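Q: I have a model open and would like to learn how to read it. Could you walk me through it, one feature at a time?

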2 protein chains.
Amino acid sequence: MDEKYVKQLLEMEGQELKLTEKKVNILVAAIEIFAEKGYSATSTSEIAKRAGVAEGTIFRHYDSKKDLLLGITKPAILKMVVPYFASQMVEEVFKDEITSFDGVLRAFITNRIEFVRKNIPLFKIVLQEIAFHNELQETFQESFLNQILPKISETIYIAQKSGRLKDFSIPTTLRFIMSTVMGFIITRFLIMPEAEWNEKEEIDNMVECIMNGISKNN
Amino acid sequence: MDEKYVKQLLEMEGQELKLTEKKVNILVAAIEIFAEKGYSATSTSEIAKRAGVAEGTIFRHYDSKKDLLLGITKPAILKMVVPYFASQMVEEVFKDEITSFDGVLRAFITNRIEFVRKNIPLFKIVLQEIAFHNELQETFQESFLNQILPKISETIYIAQKSGRLKDFSIPTTLRFIMSTVMGFIITRFLIMPEAEWNEKEEIDNMVECIMNGISKNN
DNA sequence: GCATAATATGAGTGATTACTCACTTATATA
DNA sequence: TATATAAGTGAGTAATCACTCATATTATGC
């Protein structure tokens, strides 16, 4: 993890991140150890040691240990959830070319797999800690549920109206898609990262399964 | 949670659980707080306080805090994974009546939903802590991967040979099924427990989606 | 090159941690 | 009833916790 990558990853919209070398070290060390043993089981002294920094330095940059966690995870959630759907291009594809619903689905799956591959520890931290920290749930709520979900819902709705998708409720359809994709990503990167994977084939299978599962029969 | 239920739930095969009233209180309190704030963030003094017990009493029954966690989660994993498939009845249905693959699937889904509904805190603890504790991963490995998975695999294999299921690899087919079911259970009981759910309909939809997803087209 | 500010340090803080142990109380056995 | 075993107690332990602060180092602007 180099400085620029960490910086752009952890930048929240509207505010820039000031990064000294030591602060980058702290962030990288915290991400590593939080992912390894969980937030609560991680001590600030251990973070400082791995970062090659005095313990006090952590608290010069972050008010508290929890503040450090949020400084890492909040922007991570935003980058995980928002950017793919936020791009205008995708939105257009979604709305205009309903025939290529499966193409958009494949692009979405591929894109999110690549994002997680580059950010496995961050992905693990968010998955673990979102259950216990209200602020993270709110961040997820504000980004995914309020911004992204309405767009996806509209797309599914249009596809249903056009007669291509079954009239499962939209949450049900969406949950079916997300379960399949998350199930693969978690198995691929967290449960069995060492196994040999034919990702191209697995993606094909997922798209096929999902489309057959939610499409109307001819 | 009454004593008998806790007892049969936390009993490992081959060894009985000796339960005094105070020990039950400790177990119930530990399950509650572990689920609320996570294992690492929970202190033994807090468990003792909620259980109405001296802190030393915990360590009379369990060698360590981790021993208490394992005493709760190891049997919980076994009961979550094994019992449904272990019953001879189900095994027979699986093998003989391939035509009712979807019926077996529906029965499995319903059965596991009911189990989780009765054990939400335990389910949450296992889901959270299995990532960090090797012993839990081994317990899962020994029960699911070594005992149950071969049986399921055989069933899927037979259904594929008979020409009803697509020739996705067995892990892929199984992951597709488990992702869908786990996705629903996690959404239903952990993410949105307060929402109104039409479970019967959701189960129907899941079965339909899965069967369409993995079945051969006519 | 000097002044000012930003960054970094690490010993020190009180609180809390998991766990111990000498002791008391309850239960079972003979 | 006497005795042995098991269950329960709570004050006490050293270690560790997140966090502070006076001081030291480094970077920046003039």
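Q: Which residues come nearest to DNA strand D?

A: Bear in mind that this is a predicted model. Of the 18 residues around DNA strand D, the nearest are A:Lys65, B:Lys22, B:Thr57, B:Arg60 and B:His61. On the DNA side, 56% of the strand D atoms that come within 4 Å of the protein belong to sugar and phosphate.

Q: What classes of residue make up the surface near DNA strand D?

A: Sort them by side chain and you get 10 polar, five charged and three nonpolar residues.

Q: Which part of DNA strand D does each polar side chain face, for instance A:Glu55, B:Thr20 and B:Lys22?

A: Look at the DNA atom at the other end of each pair. For B:Lys22, a polar side-chain atom lies 3.1 Å from a phosphate oxygen of strand D. B:Thr20 also has a phosphate oxygen as its partner, with a side-chain N or O atom 3.3 Å away from it. With A:Glu55 the partner is a base nitrogen, 3.5 Å from an N or O atom of the side chain. Stepping back to whole elements, those that give two or more residues to this surface are α3 (44-51) and α4 of chain A, together with α4 of chain B.

Q: And which residues are closest to DNA strand C?

A: Here 17 residues surround the strand, and the closest are A:Lys22, A:Thr57, A:His61, B:Thr44 and B:Lys65. Of the strand C atoms within 4 Å of the protein, 62% belong to sugar or phosphate, and the rest belong to bases. By class, this surface has nine polar, five charged and three nonpolar residues.

Q: How far are the side chains of A:Lys22, A:Thr57 and A:His61 from a phosphate oxygen of DNA strand C?

A: Take them one by one. A polar side-chain atom of A:His61 lies 2.7 Å from a phosphate oxygen of strand C. A:Thr57 places a side-chain N or O atom 2.7 Å from a phosphate oxygen. For A:Lys22, the distance from a polar side-chain atom to a phosphate oxygen is 3.0 Å. The elements that give two or more residues to the surface near this strand are α4 (55-61) of chain A, plus α3 (44-51) and α4 (55-61) of chain B. The largest share, four residues, comes from α4(A).

Q: What turn lays chain B on chain A?

A: A turn of 180° with a shift of 0.0 Å along the axis does it, and the RMSD is 0.0 Å. That is the relation of a two-fold axis. In chain B, the C-alpha nearest the axis belongs to B:Gly213, at 2.2 Å. The copies meet through the same surface, because 100% of the interface residues of chain B are also interface residues in chain A.

Q: How do helices α10 and α11 of chain B pack?

A: Two packed helices are described by the angle between their axes and by the distance between those axes. In chain B, α10 (residues 134-161) and α11 (residues 170-191) pack at about 105°, with axes 10 Å apart. The two helices are therefore roughly perpendicular to each other. Among the residues making the contact are B:Phe144, B:Leu149 and B:Ile152 of α10(B), and B:Ile170 and B:Leu174 of α11(B). The contact residues divide into seven nonpolar, three polar and no charged.

Conventions
Residues are numbered from 1 along each chain as its sequence is written. Chains are lettered from A and ligands numbered from 1 in the order in which they are written. This is a predicted model: local features need pLDDT of at least 70, side-chain atom pairs count only at pLDDT 80 or more; totals for chains, interfaces and linings use all residues. Side-chain values use heavy atoms; hydrogens and water are left out. Axes are lines fitted to C-alpha atoms, for helices over the stretch in contact, and angles run from 0 to 180 degrees between N-to-C directions. Angles under 35 degrees count as roughly parallel, over 145 as roughly antiparallel, 65 to 115 as roughly perpendicular and the rest as oblique. Contact means heavy atoms within 4.5 Å. Ala, Val, Leu, Ile, Met, Phe, Trp, Tyr, Cys and Pro count as nonpolar, Asp, Glu, Lys and Arg as charged, and the others, Gly among them, as polar. A residue is near a molecule or strand if one of its heavy atoms lies within 4 Å of it. A polar contact is a pair of N or O atoms within 3.5 Å; within protein, one must be able to donate a hydrogen and the other to accept it, and residues adjacent in sequence count only if both atoms are side-chain atoms. Copies are superposed by least squares on the C-alpha atoms of residues with pLDDT of at least 70 in both.
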